[in-house]
Amino acid sequence: MKARLLKALQKSTADYAEIRVETEDSSVIAYRGREVETAGTSSVRGGIVRACTRGGWGMVTFDSLAQLGEQVKEACACAKLVGEEKTELAEVEPVDAEKPVTLEHDFRGVSLDDKLALLKAYNDIILGAAPSIESSSVGYGDSFRTVYFASTRGNYFMEQRPRVTCRFMAVARDGALVQRAYDGISSTTTYDAVLGMEDKVRETAERADALLRAPKCEGGTYSVILDPELAGVFVHEAFGHLSEADLVYENAQMRELMCLGREVGVAGLNVIDDGSLGNYTGTGAFDDEGTPTGETYLIRGGALAGHLHSLETAAKMGAKPTGNARAIGRSVPPICRMTNTYVTNGDIPVGELFAGVDRGVYACDAFGGQTALEMFTFSAGYGYRIENGQRGELLRDVTLTGNVFQTLKSIDGIGNDLVISKRGGGCGKGGQSPLPVSVGSPHLRIRDVVIGGG
Amino acid sequence: MRKPMIENSESRLRQGVERANSAGASAAKLSLGHSESTHCSFERGRLKETGSSESLSYNVEVLVDGRCGTSSGNRIEKLDEMIDRAIVLAKVGSTAHFNAYPPPGALTPVKTHSERTLGLARERMIESCGQMVEALREYDPDLFISATGSRNESEDITVTTGGVCHQASRTAWSLSSHVQRTKGTDILFAGYGRGWCDLNEFYAPSVIAGRVLVDLRNAEKTVEPPTGKVKAYIPPEQLPAFLMPFMAGINGRNVAKGDSPLAGRLGEQVLAKSITIVDHPHVDYASGACEIDSDGIPTRKQTLFENGVLRRFLYDLDTAGLAGAEPTGNSGCYPYWLLVTPGVRPSSELLADIDDGIYIKALIGYGQGNIINGDFSCNVGLGYRIHNGEITGRIKDTMIAGNLYDLFAENVELSSDLDHAGRMPHAVIEGLSVASRSA
Ligand SMILES: [Zn+2]
């Protein structure tokens, strides 16, 4: 493949051109209620040529590799039509690498019968957990993606990116009231990660049942403690996306809003994005422009410390590329994205965080979140009342909203119990969703958070 | 577009169906799609990128011993292998609630392919985007302006063991512009876009940019939102989002699996008497226009809610079998193209009648949580306060919540005027709960 890509790139007439070709084999099996709902498999191959001339981009996507040279020419012609300025793309160390992976327990060797038996066992646990459990959903998916990349700078890499995921949901009903609870796990290293989750599955189903009897969280302004899962999602959604340099680099006002050194939080607040961290869902050796991944401080000591860059944004902002140009698949260009994003540990034991709250809400787990830059809304999976420093009754319908900058400044306690979620999240941006990412945080205590009431 | 490619594929798909049959499948369905598109995009007010894309994909569904397996891919040379893999998967697959794909039925023809759209050159799209950008920049040179245009042509073919062999070709264009205005930590997003299969008068760059300009003008001033239970004025482009729980509720799969609060309520008054909703897949050149569903069943025009009375659940082939109902020709049990019947008074009068309320242009965080039950709670991304029948300014940090089944149960007034495509009216609902952070 290397020779083939580099040969096609010889047709380039642009300032810069690259080809990324991917193959992906995936399979999915899912239960819904008593029955298997889906059993499917997919095998695809294709790619994209990107060319840049005088700062303008041309892009051609393809499914067949038969005419790569022609596609390089066409992308270059498109770029020429666009560019009127200067091509500015940051330099990185030359890359010539192959990163095959060896899975501890390769999911491709596991029989369909075994996978099905596992799902059935989880599904039976949910359906039998309580009389109120009306329906279930248990999904297994695996994907083996291989990325080949070459550019006119002579860079080349091949990286294998396997992933196995198991997610489950319980639906409980009492009359017209329906409550759901979710959980799941994701691994890039072994099929065994999806095994042995019986207790977690049972807890999830029992929570859906308990939520039926939980009161709604009344709307209002509260002191809130976020559990690590929700805190991680909050930092990713509400803040992390603002650090993506493609939103910032050409926008003078955004550059001012996100300018490095600006105080955005308490002195103890550090937020890091690290695509090279361990084996999480957002982990990889290279981004989709061939830049090695690494650790980037987004907030250090409460002040903005970095942005997440592609080659172009790095050059235009005078920064170093951070390895955050990621594409969700073969036919889309890489854009600035997060990888594994987390809040570093503070020094307050969780018990002390709670002790500081007379009347508040402990918000746990995330159903999902959405932001429009400064504004965010997201739903906790469930919550608890906090009274006089004690965790109280279970609450449902906990939806948090607010302005991210006000909220970051309102963090008044950072726990010392960092957890990076193994669940594996899917991030959406610019129509590219779900991109594998991970989030993490210790418990966070935040003052004056608006919780919406029904 | 290389038309012959699809023609060759017909015999290839027929062979595939035979292969599945002889390998033990009692029924099989193969479909193949090919599409080509070209696009351009402007960022920060200047042309940033243009390009083209080509894609091919196929889907295989087989039934073996009453179980269903599926596979998909984009390498035609691997079609046989993928058929075999679907057959293997069917052994652990989903229980099928049908035995055979139905024979061909009478189709209602609908136009989805337009020569005029094929003639939409990349240069013209670039020019149109440039025109929108110019109009917006003239209003405010500090805006961060983006614009995109695209043109697409596709062909699809479906072959089933029921004897259906159906080809459909489609063209489509889209054109949109978006702006971001940043003042300190205050950020405003506004945007508008259109798309259609035929290159008709809907393709109007100055009108599209004009809609964004109206939002920018309305949002010049920020005002405090009203709080408590208020009236909400919902424009046509937002109405489908508010109807979402009802569409999830009539989805036959949700009904059969016990997830829909509408189960067992056919013939009951569910929504306000003012609301009639029709699914109409036969509007020429509409984005949802379609002659057959993915199982080869003819699509049909159907009234879903008539004067607020629930009339229909939507069923695809498998779900119909599960529910003991007739299939309605709706792939995935989803509607194709919703039409909401207009009301009596023009939207201008509806607006003028609101003493105190909010005008909802965009939502953030909508659709999370328990939306199928109608419960929602989210931020207003872009919205205005209406006071004494006039838009008085933009509202910020405003959260709305409620239950859509309650909000749409009575006191819903729809406008007599519809959007440009003749789909959706403006709506006014009462009793929406509004909370403000600054309150
Ligand atoms: Zn995200």
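**View 1. Helix 5 of chain A, largely enclosed by the rest of the structure.** Twelve of the twelve residues of this helix are buried, so the rest of the structure largely encloses it. As in every view here, what you see comes from a predicted model. The buried residues of helix 5 of chain A include P228(A), L230(A), V233(A), F234(A) and F239(A), and charged residues are on the list too, namely E229(A) and E237(A). The helix runs over residues 228-239, and at 1.5 Å a residue it should span 16 Å; its end C-alpha atoms are indeed 16 Å apart.

**View 2. Helix 4 of chain B and its buried side.** Here we follow residues 122-139 of chain B, 18 residues that should span 26 Å at 1.5 Å each, in agreement with the 26 Å between the end C-alpha atoms. Buried along this helix are R122(B), M125(B), I126(B), S128(B), C129(B), M132(B), V133(B) and L136(B). They share one side of helix 4 of chain B because the arc they cover around the axis is only 165°. Look to the other side of the helix for E127(B) and E138(B), which are exposed. The packing partners of the buried residues come from both chains: helix 2 (68-82) of chain A on the one hand, and strands 1, 2, 5 and 6 together with helix 5 (205-218) of chain B on the other.

**View 3. The interface of chain B and chain A.** In this view 71 residues of chain B meet 73 residues of chain A. About 6100 Å² is buried between the two chains, and carbon and sulfur atoms give 46% of that area. Nine salt bridges are counted between chain B and chain A. Strand 2 of chain B supplies the largest share of its side of the interface, with eleven residues. A salt bridge to look for is the one between the side chains of R46(B) and E85(A), at 2.9 Å from N to O. Polar contacts across the interface come to 29 residue pairs.

**View 4. A network of salt bridges with members from both chains.** Chain A contributes R32(A), E35(A) and E37(A) to this network, while R253(B), K257(B), D259(B) and D318(B) belong to chain B. For context, the count over all chains comes to 62 salt bridges.

**View 5. Salt bridges within chain B.** R19(B) and D80(B) pair with their closest N and O atoms 3.6 Å apart. R19(B) sits in helix 1 and D80(B) in helix 2 of chain B, so this pair ties together parts 61 residues apart in sequence. Both partners are partly exposed, R19(B) at 31% relative accessible area and D80(B) at 26%. A second pair joins D295(B) and K29(B) at 2.8 Å, N to O. This pair links distant parts of the chain, 266 residues apart: D295(B) is in the loop between strands 9 and 10 of chain B, and K29(B) is in strand 1. Here both partners are buried, D295(B) at 7% and K29(B) at 10%.

**View 6. A salt bridge along helix 4 of chain A.** D209(A) and R213(A) meet through their side chains at 3.1 Å, N to O. The two are four residues apart in the helix, which means about one helical turn separates them. D209(A) is buried, with a relative accessible area of 13%, whereas R213(A) is exposed at 61%.

**View 7. D288(A), a buried loop residue.** You will find D288(A) in the loop between strands 9 and 10 of chain A, where its relative accessible area is 2%. A polar contact of 3.0 Å joins its side chain to that of R161(A). Among the other residues D288(A) touches are E18(A), R20(A), R145(A), F149(A) and P334(A).

**View 8. Backbone details in both chains.** Most residues other than glycine have a negative phi, and most peptide bonds are trans. D365(A), in strand 15 of chain A, has a positive phi near 65° and is buried at 7% relative accessibility. N307(B) also has a positive phi, about 45°; this residue is in the loop between strands 10 and 11 of chain B and is partly exposed at 42%. Finally, a cis peptide bond joins S433(A) and P434(A), with omega about -5°, and P434(A) lies in strand 22 of chain A.

Methods: Residues numbered from 1 in each chain as written. Chains lettered and ligands numbered in written order. Predicted model: local features only at pLDDT ≥ 70, side-chain atom pairs only at ≥ 80, totals over all residues. Heavy atoms only, no water. Expected span 1.5 Å × (residues − 1). Buried < 20%, exposed > 50% of the residue type's maximum accessible area, 1.4 Å probe, protein only. Arc of directions from axis to C-beta. Contact = heavy atoms within 4.5 Å. Buried area = accessible area lost by both parts, 1.4 Å probe. Salt bridge = Lys/Arg side-chain N within 4 Å of Asp/Glu carboxyl O. Polar contact = N/O pair within 3.5 Å; in protein donor to acceptor, adjacent residues only side chain to side chain. Lists of a residue's contacts leave out its neighbours within four places in sequence.
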